[in-house]
Amino acid sequence: MPTLVNYSGDGDFYTRSSFCSHVDVYCPSRKRPRINGPFVVESSIFVAKKPSIEILPDECLFEILRRLPGGRERSASACVSNRWLMLLSSIRSSEFYWSKTPQGKLNAVKIDPISNNRVSSSTELSSEDRDLEVECDGYLTRSIEGKKATDVRLAAIAVGTTSRGGLGKLLIRGSNSLRIVTNVGLSAIARGCPSLRVLSLWNVPSIGDEGLFEIARECHSLEKLDLCQCPSISNKGVLAIAENCPNLTSFTIESCSNVGNESLQAVGKYCTKLQSVTIKDCPFVGDQGVSSILSLASAVLTKVKLQTLNVTDFSAAVIGHYGKAITNLVLGGLQNVSQKGFWVMGNAQGLHALSSLTITSCRGMTDLSLEAVGRGCPNLKQICLRKCCFVSDSGLVACAKAANSLESLQFEECNRITQAGILNALSNCNSKLKSLSLNKCLAVKDLSPESSMIYPSESLRSLSVRSCPEFGSTSLAIIGKLCPQLHHLDLSGLCGITDSGLLPLLESFQNGLAKVNLSGCVNLTDEVVFALARFHGGTLESLNLDGCRNLTDASLLALAENCPLLNNIDVSKCLITNSGIAVLSHGVQQNLQILSLSGCSMISNKSLPSLKKLGRTLVGLNLQHCNSISNSTIQFLTKTLWRCDILS
């Protein structure tokens with residue numbers, strides 16, 4: 001102070017009340033640069049920052065958000081920022097401030113600041129909060145695929161669906177390569193959607209046991225679980241679901257490399273309502289897991305599908321003994337199940353309810369085992385065998401004799417099945433057989449004329465012979481005598497048949513065909529379509545002529561004039577022009593819904609008025625590879641025919 005008091009010089013004391021009132025500040029004189037403009041002080045120095053809720057920590061914001069009264073308010077708040085969205089999605093349904101009471105009132109849960117205990121007081125339900133009554137019913141379905149599948153998207157679904165009926169079904173197909181779906185997103189679904197009943201996860205490798213733990217903890221109403229290509233999910237996650245979701249009725253697991261017998265045992269033990277089981281390509285699943293789930297859930301289990309598993313004859317025997325409720329059985333790629341296993345399965349007398357059996361690529365399925373299955377399954381109605389190379393005519397005939405309720409026979413790539421075996425099976429089969437399908441059976445060839453002495457099958461309504469290269473005109477003549485009551489005829493891929501063989505067949509059917517598929521029959525001409533229109537025009541509903549390259553506009557004229565019930569026409573890769581489309585647009589069809597013109601290069605923009613007229617009833621139009629139709633015409637049709645799905 002003495003120095004300051006005794007100071008003498010050029011300096012002065014100034015009173016600067018604008019900075020600090022009632023305080024003298026010593027400011028020595030100094031040279032300053034000349035300022036031509038006015039002196040402006042930045043206002044932000046003196047203006048205090050406005051208070052913001054964003055400065056609150058997550059714990060405080062959590063307490064605020066959980067006190068929002070209803071789903072609409074939560075959805076609106078979730079739009080503020082990703083931080084708010086993720087915080088809202090982390091709140092469990094039971095943690096929200098408002099909760100329902102059985103009397104239809106809202107229970108205002110308050111926190112005592114002293115005791116930190118909850119204090120409830122009932123209030124009447126206001127109109128703004130009535131959406132709470134339907135929040136947990138689970139009406140909505142959401143399906144997200146590919147790049148749309150992210151944690152943020154799942155969090156938004158969890159928050160947004162509560163005020164719209166609640167999420168009941170969620171399907172995730174694939175994952176975003178940059179922002180993958182993780183346990184965080186699935187946990188948000190679990191916390192916000194306790195009404196979830198169906199969960200399907202396909203090809204989401206980043207979702208593991210932690211996500212399933214949350215689903216098991218919150219979604220006790222889960223009824224269907226579908227896991228495919230989820231390598232991060234192990235026995236622990238599936239075990240948690242089994243122990244906490246007793247209402248599970250459908251369980252599917254495919255290509256999950258870390259799931260094994262332990263989890264299947266738990267599913268069989270705890271899920272007493274299980275009705276459907278699908279297990280495919282899981283290397284750690286063996287006899288122990290399969291036998292446990294089949295034996296423990298045998299009372300209600302109706303559908304079983306086992307494919308590409310390391311199981312043996314023991315599992316096949318368990319199916320035959322414990323499958324008393326099974327109605328639909330699919331077995332594929334079981335290379336370790338021998339003829340003995342299938343024979344025991346049929347003779348165990350436990351598959352009395354079985355109505356549909358599909359077996360694919362199983363070397364143990366032979367003539368002996370097929371006969372045993374036919375005898376041991378008295379209610380079997382449908383048999384489908386694919387790539388069963390050891391099944392021959394004798395096994396087919398024996399099974400047809402033993403299975404008294406058989407209605408459908410399907411064979412694909414069974415190259416020991418011949419036409420003689422098929423005819424004998426039909427002759428020895430009961431009068432209930434309605435459908436016969438042969439696909440890529442190389443041994444099905446034309447027979448000698450004496451084989452035509454076969455009694456007709458009055459019950460057969462559907463016949464499909466596809467891609468059997470040796471099936472020719474002689475076989476067509478036999479079909480006409482054997483199946484006079486056909487309604488559905490599929491001869492697709494038979495390159496060897498001609499007009500001379502098919503025309504007599506079309507004349508032999510008595511009640512009129514409803515569905516005809518001649519796709520890939522490249523040697524047919526307009527004469528076949530003329531015969532179809534003449535003999536079956538009054539009943540014909542669907543006609544597929546894809547790849548019949550010799551057909552012209554004359555075929556469309558015959559159909560337009562004689563087939564009023566026709567609702568599905570496929571003339572792809574045919575010689576159709578604008579004139580044919582114009583004729584069809586003036587035809588007698590009242591409800592043509594699907595029209596396929598793919599590869600018809602002679603159709604141009606001139607067909608626009610006709611296509612527009614046809615579009616009044618169309619729901620599907622295929623214009624792919626119609627190179628003479630411009631993009632502007634396609635865009636106009638897409639805009640005008642808003643009800644129609646157009647492929648271009």
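# Notebook: loops, helix packing and enclosed spaces

**Entry 1. Two loop residues.** I began with Asp-281, which is found in the loop between strand S11 (276–280) and helix H10. The model I consulted is a predicted one. I looked up the backbone of Asp-281 and noted a positive phi of about 55°, although the residue is not a glycine. I then asked how accessible Asp-281 is, and found a relative accessible area of 38%. Asp-281 is therefore recorded as partly exposed, since that class runs between the buried limit of 20% and the exposed limit of 50%.

I next turned to Lys-387, in the loop between strand S15 (382–386) and helix H14 (393–402). Its phi is near 55°, again a positive value in a residue other than glycine. The relative accessibility of Lys-387 is 44%, so I entered this residue as partly exposed.

**Entry 2. The protein overall.** I looked up the general composition of the fold. I recorded 22 helices and 25 strands in the protein. Of its 648 residues, 48% are buried. I also checked how far along the chain the contacts reach. Taking contacts between residues at least 6 apart in sequence, I found that 80% join residues at least 24 apart.

**Entry 3. H10 against H11.** I returned to the helix that follows the loop of Asp-281, namely H10. Two packed helices are described by the angle between their axes and the distance between the axes. For H10 (residues 287–296) and H11 (residues 313–322), the axes come within 9 Å and cross at roughly 5°. An angle under 35 degrees counts as roughly parallel, so H10 is roughly parallel to H11. On the H10 side I listed Asp-287, Val-290, Ser-291, Leu-294 and Ser-295. They meet Phe-314, Ser-315, Val-318, Ile-319 and Tyr-322 in H11. I sorted the residues of this contact by class and obtained 6 nonpolar, 3 polar and 1 charged.

**Entry 4. H16 against H17.** I examined a further pair of helices. H16 and H17 pack at an angle of about 5°, and their axes are 9 Å apart. That angle makes H16 roughly parallel to H17. From H16, the contact draws on Ser-473, Leu-476, Ile-479 and Gly-480. From H17, it draws on Gly-501, Leu-502, Leu-505 and Ser-508. By class I counted 4 nonpolar and 4 polar residues here, with no charged residue.

**Entry 5. Leu-476.** I singled out one residue of that contact, Leu-476, which lies in helix H16. Is Leu-476 buried or exposed? Its relative accessibility is 0%, so I entered Leu-476 as buried. Leaving aside residues up to four places away in sequence, Leu-476 touches Phe-471, Leu-491, Ile-497, Gly-501, Leu-502 and Leu-505. I looked up the separation of Leu-476 from Gly-501: they are 25 residues apart in sequence and 6.3 Å apart in space, C-alpha to C-alpha.

**Entry 6. Cavities.** I asked how many cavities of 30 Å³ or more the structure holds, and the count was 3. The largest cavity contains about 120 Å³ of space. It is lined by 13 residues, and those closest to its centre are Ile-422, Leu-423, Leu-436, Phe-471 and Ile-479. Helix H15 (419–428), strand S17 (435–439), S18 and helix H16 (473–482) each give two or more residues to the lining. H15 gives the most, with 4 residues. I recorded 11 nonpolar and 2 polar residues in the lining, and no charged ones.

**Entry 7. The second largest pocket.** I then looked up an open space. The second largest pocket holds about 230 Å³. Among its 14 lining residues, I noted His-488, Leu-489, Asp-490, Lys-515 and Asn-517 as the closest to the centre. Which strands each supply at least two residues of the lining? They are S18 (462–466), S19 (488–490), S20 (515–517), S21 (542–544) and S22 (568–570). By class the lining has 4 nonpolar, 7 polar and 3 charged residues.

**Entry 8. Helix H18.** My last entry concerns H18 (residues 526–536). I found Asp-526, Val-528, Val-529, Ala-531, Leu-532, Ala-533 and His-536 buried in this helix. These buried residues pack against helix H17 (499–508), S20, S21 and helix H19 (553–562). Strands S20 and S21 also appear in Entry 7, as contributors to the lining of the second largest pocket.

How values were computed:
Residues numbered from 1 in each chain as written. Predicted model: local features only at pLDDT ≥ 70, side-chain atom pairs only at ≥ 80, totals over all residues. Heavy atoms only, no water. Axes fitted to C-alpha atoms, helices over the stretch in contact; angles between N-to-C directions. Parallel < 35°, antiparallel > 145°, perpendicular 65-115°, else oblique. Contact = heavy atoms within 4.5 Å. Nonpolar A, V, L, I, M, F, W, Y, C, P; charged D, E, K, R; others polar. 1 Å grid on protein atoms, 1.4 Å probe; cavity = no way out; pocket = protein on both sides within 12 Å on 5 of 7 lines; lining within 4 Å. Points joined across faces, edges and corners; volume = space filled by probe spheres on them. Buried < 20%, exposed > 50% of the residue type's maximum accessible area, 1.4 Å probe, protein only.
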